Amino acid sequence: MILCGRSNWDGTGGNNHAIEHYKVTGYPLAIKLGTITADLDAAGALFADSLYLSWIPYFISQLELTSQTFLSSTVNISDVFSYPEDESVMDPLLAEHLAHFGIDFSSLQKTEMTTAERELDQNTNFDWNRIQESGQEVEPVCGPGYTGLVNLGNSCYMAATMQVVYSTRSFCSRYYKNQTLKTAFETAPADPTVDLNMQLTKLAHGLLSGKYSVPAVEKDDNADAASSTASSKQQGIPPRMFKAVIAASHPEFSTMRQQDALEFFLHFLDQVERANAGNPELDPARSFKFGIEDRILCSSGKVAYNKRLDYILSLNIPLHEATNKEELEAFHKFKAQKFAEGKEVSSDEIVRPRVPLEACLSSFSAPEEINDFYSTALKAKTMAVKSGGLTSFPDYLVLHMRKFVMGEGWVPKKLGIFLGLIFLAHIFGYLKVPEDDVESNKPVPNEDIVSQLVSMGFNQLHCEKAAIRTSNAGVEEAMNWLLSHMDDADIDDIISPEAKGANTSFTSIDQSKVDTLISFGFEEDIARKALKASGGDIEKATDWIFNNPGASVLADMDATTSDTAPTSADAGLPDGGGRYRLMGIVSHIGTSTQCGHYVAHIFKDGRWVIFNDDKVGASVNPPKDMGYLYFFERLSS
């Protein structure tokens, strides 16, 4: 039986014959025929949900009410709706059930959007209009620093990123103010077209000089040249040579496919750093680099440190910290009611979680428990607490919001959230590495172990020392230690941190030797650990690395204190106070970083400006709460 779907509020849709049939017969399942396909490539995103009751009678109808698309065991996709559960379900035997009605599912092709796809399309349209400021009276802007970049074909990720990069003082000074095109040409190798320094200088002068930031001239074929008018669209510059050079060493960026703006930004900074390896003081990429320190405290009381350098700070988005939970709950009820009535939720009615930036920053630095952590101090697995922070604050801090997560069925999805952003961010209190607390590293005996030993007649001080010496492993272990050390000369000495065997020494490692091992292809942290274990001998350190393939800095619990001064790894990096000002946003539109569109918004000359490829204008409503990459400039005071 084929019946029509529900009637919509505006008179469109079906005549409710399918739902009326369910009320009369009790047959619970319906399938939207236009969504059936056996082609995975045409299926789009796949989801799994709920259950299928194979013993219940069923029927097929043209139903447009469903919330998810499904993958069955026979590799087919369709919308199956359950009226009793009032939601979509999965039918693992769909092919057999369709064959009962003489329908060959393998010959069917998808012709309609599911409700999930329709909802996704509404969200995408909302993002598209909001981020691109569609419908707003955006005033075109021209002049130095306001030059657009022509889209070369899915190159918006590069255009948006480079607009923000060249708005920083470091890149502007290095490739525009302090270097002319003639100087770059004269210092270039035999072929300047493949020299990164030359192409960076060329792009800088193209974007910042204002020479190409003029309105495009629209000519009237039926009139003379004098009647030509200037349009609001810029002529812009096509960065073909720059893309060819920067993408030459990367198989993905050299294609015409859409790419992740974050990956391109990191690749770009890496190439700039390599190009300036001979003159690190001239390297503008250093203005983005900062140090991160991870501190791991195991149950023995010993602490391990792992220090590394990075260009971006990637932040998780704690949805449970949303400030509009009541609105979200009301929206979900409203959405369910709309679907039950056969109506759609418009983009204006969608409510998204609003998560404050402070919650994201706090989530980064919050202590995290690590179960089954192998401690070399205890020679066993135990529980450890990991915390982290920044050891230095760069001139420009880039925050990457992890909006793409794995959903149900390990399907990637994009979080539709609004970020509660503050224009002036006091980052220091959230991210700075805390000073080591000597008291926290003191050996603390387990009170239960001590009390049980004392009840057996042992001395209180002796019991505490036994618990500490056995790392609070248990009453039996502490008692065995106590019985075997009753005659020790220091058994009555007062407990001190040093009595625990803490190693407070700090081995100095020659940075040149670390660089040598890095040039061999080893990671910096492993190189430092190998040099420390081999006494600074490069050859022995190399042998140590090969003999310890599973070596991990995080598992090394030998160090118990940390030098508060910067190590040689982050020495010389820019550092200052933790107060920042938001100066740039790169926003993404679409369901994946590999598709969609990127737009940049930059704060220039006291106003926000939108850079949408070769279209540049004064922003009316910048999407500060919808960014993918946030660029903060450190305030000098």
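Here are some worked exercises on this predicted model.

**Exercise 1: two packed helices**

Work out how H6 and H8 are oriented relative to each other, and which residues make the contact.

Solution.
- Start with the two numbers you need: two packed helices are described by the angle between their axes and the distance between the axes.
- For helix H6 (residues 169–177) and helix H8 (residues 196–208), the angle is about 105° and the axes are 8 Å apart.
- Angles of 65 to 115 degrees count as roughly perpendicular, so H6 and H8 are roughly perpendicular to each other.
- Now pick out the contact residues. H6 brings Cys-172, Arg-174, Tyr-175 and Tyr-176, while H8 brings Asn-197, Leu-200, Thr-201, Ala-204, His-205 and Leu-208.
- Sort them by class, and you get six nonpolar, three polar and one charged residues.

**Exercise 2: laying out a sheet**

Find the strand order of the four-stranded open sheet, then say which strands stand at the edges.

Solution.
- Begin with E8 and its partners. E8 pairs with E9 in the antiparallel sense over eight bridges, and with E13, again antiparallel, over seven bridges.
- Check the register with one pair on each side: Leu-297 has Val-303 in E9 as its bridge partner, and Arg-295 has Ser-387 in E13.
- Add the remaining pairing. E12 and strand E13 (residues 380–390) are antiparallel too, with six bridges; here Glu-369 stands opposite Val-385 in E13.
- String these together and the order reads E9-E8-E13-E12, with antiparallel pairing.
- Strand E9 (303–310) and strand E12 (368–375) each have a single partner strand, so they are the edges, and one side of each has no neighbour in the sheet.
- For the geometry, the twist averages 30° from one strand to the next.
- Then look at E8 for burial: eight of its nine residues are buried.
- Last, the link between E8 and E9 is a hairpin with four residues between the strands, and Gly-301 in the turn has a positive phi of about 95°.

**Exercise 3: the surroundings of a serine**

Decide whether Ser-287 is buried or exposed, and find what its side chain contacts.

Solution.
- Place the residue: Ser-287 sits in the loop between helix H10 (261–275) and strand E8 (290–298).
- Its relative accessibility is 6%, and since buried means under 20%, Ser-287 counts as buried.
- Go through the polar partners. The Ser-287 side chain makes a polar contact with the side chain of Ser-170 at 2.9 Å, and reaches the backbone oxygen of Pro-284 at 2.7 Å.
- Then widen the search, skipping neighbours within four places in sequence: Ser-287 is in contact with Ser-170, Pro-394, Asp-395, Tyr-396 and Pro-574.

**Exercise 4: two aspartates with positive phi**

Asp-372 and Asp-605 both have a positive phi without being glycine. Where does each one lie, and is each buried or exposed?

Solution.
- Recall the background: most residues other than glycine have a negative phi.
- Take the values. Phi is about 55° for Asp-372 and near 50° for Asp-605.
- Locate them: Asp-372 lies in strand E12, whereas Asp-605 is in the loop between strand E20 (597–604) and strand E21 (607–612).
- Finish with accessibility. The cut-off for exposed is over 50%; Asp-372 has a relative accessible area of 59%, so Asp-372 is exposed.
- Asp-605, at 69% relative accessibility, counts as exposed as well.

Technical notes: Residues numbered from 1 in each chain as written. Predicted model: local features only at pLDDT ≥ 70, side-chain atom pairs only at ≥ 80, totals over all residues. Heavy atoms only, no water. Axes fitted to C-alpha atoms, helices over the stretch in contact; angles between N-to-C directions. Parallel < 35°, antiparallel > 145°, perpendicular 65-115°, else oblique. Contact = heavy atoms within 4.5 Å. Nonpolar A, V, L, I, M, F, W, Y, C, P; charged D, E, K, R; others polar. Pairing = 2+ DSSP bridges. Buried < 20%, exposed > 50% of the residue type's maximum accessible area, 1.4 Å probe, protein only. Polar contact = N/O pair within 3.5 Å; in protein donor to acceptor, adjacent residues only side chain to side chain.
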